[in-house]
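The following paragraphs are intended to be read alongside the sequence and the three-dimensional structure. They proceed from the side chains that carry charge, through the interior, to the pairing of strands.

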Amino acid sequence: MQPQQYWREIPQRYRLEAGKCGKCSKIFFPPRLVCDQCANDQFTMVQLPRTGKVLTHSVVHLGPSDFIKISPYAIAVVELDNGVKVTTQLVDVDPPEIKTGMAVRLEFRKINESGEAGVICYGYKAVPA
C-alpha cells in the first residue's frame, strides 16, 4: 500500500469510522461522498461496532508479496452487529476451525510494512469472540 493512500484512510482503519447518510441513514464503510440510495451528499461520521459474525471466508495459500511470510491466511466477510459488512483478515484461528456464523470481534493489529524502513501499516483484523 502506498503511504499516501494509507494516511488518507487512517480514520477508517484506526477508529472504524463510517459515513452515515443524513437523509436515509444508510451507513457506508469506508465513507462515501454520495449516497447510492438517495443521492444525498451530507454524512455524519459514526463509529462501527467491533463485534459481528463471519458470513463467508476463504483461505489464501499464495498471497501477494507483502503477505508471503504469513501465508496461508484467512480472509472473511464479517457482518457487524449493525449490519455493515467488512472484509478483513481472520487471525488467531486455524483455517479448518472457521465456520459461517462464527462470532468475531475486530482488533487493531499490524497489517504490513512498506519495505524494510518503510511505513508500518496498522488496521483491523477479526479474531474469534
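A residue is called buried when its relative accessible area is under 20%, exposed when that area is over 50%, and partly exposed in between. The structure under discussion is a predicted model. Arg32, at 40% relative accessibility, therefore counts as partly exposed. Its salt-bridge partner is Asp36, with the closest N and O atoms 3.6 Å apart. Asp36 has a relative accessibility of 47%, so Asp36 is also classed as partly exposed.

The pair formed by Arg32 and Asp36 belongs to a wider set, for a search of the whole structure finds five salt bridges. Another of them joins Arg109 to Asp92, and here the closest N and O atoms are 2.7 Å apart. Arg109 lies in strand β7, which covers residues 103-113, whereas Asp92 lies in the loop between β6 and β7; the pair therefore ties together parts that are 17 residues apart in sequence. With a relative accessible area of 24%, Arg109 is partly exposed, while Asp92 counts as exposed at 57% relative accessibility. Arg105 forms a salt bridge with Glu107, the closest N and O atoms again being 2.7 Å apart. Arg105 has a relative accessibility of 34% and so counts as partly exposed. Through salt bridges that share partners, Asp92, Arg105, Glu107 and Arg109 are joined into one network.

Attention may now turn to the interior. The largest nonpolar core has 19 residues, and those that touch the most other members are Phe29, Leu48, Val78, Val86, Leu90, Val104 and Leu106. Two or more residues of this core come from each of β5 (73-80), β6, β7 and β8 (120-128). The greatest contribution is that of β5, which gives four residues. Val86 illustrates how such a residue is surrounded: leaving out residues up to four places away in sequence, Val86 touches Phe29, Ala76, Val77, Val78, Leu80, Leu106 and Tyr124.

Two polar residues of strand β6 deserve separate consideration. Thr88 is found in this strand, which spans residues 85-90. Its relative accessible area is 4%, so Thr88 is buried. A polar atom of the Thr88 side chain lies 3.1 Å from the backbone oxygen of Tyr124. Neighbours within four places in sequence aside, Thr88 is in contact with Ala74, Ile75, Ala76, Val78, Leu106, Tyr124, Lys125 and Ala126.

Gln89 likewise has its place in strand β6. At 12% relative accessibility, Gln89 falls under the 20% limit and therefore counts as buried. The side chains of Gln89 and Lys125 are joined by a polar contact of 3.2 Å. When residues up to four places away in sequence are not counted, Gln89 touches Ile70, Tyr73, Ala74, Ile75, Lys125 and Ala126.

The final element of this account is an open sheet of three strands, in the order β2-β1-β3 and with antiparallel pairing. Its edge strands, β2 (27-28) and β3 (43-47), each pair on one side only. Strand β1, comprising residues 17-21, pairs with β2 in the antiparallel sense over two bridges. Within this pairing, Lys20 stands opposite Ile27 of β2.

Definitions and conventions
Residues numbered from 1 in each chain as written. Predicted model: local features only at pLDDT ≥ 70, side-chain atom pairs only at ≥ 80, totals over all residues. Heavy atoms only, no water. Buried < 20%, exposed > 50% of the residue type's maximum accessible area, 1.4 Å probe, protein only. Polar contact = N/O pair within 3.5 Å; in protein donor to acceptor, adjacent residues only side chain to side chain. Contact = heavy atoms within 4.5 Å. Salt bridge = Lys/Arg side-chain N within 4 Å of Asp/Glu carboxyl O. Core = buried A, V, L, I, M, F, W, Y, C linked by side-chain atoms within 4.5 Å. Pairing = 2+ DSSP bridges.
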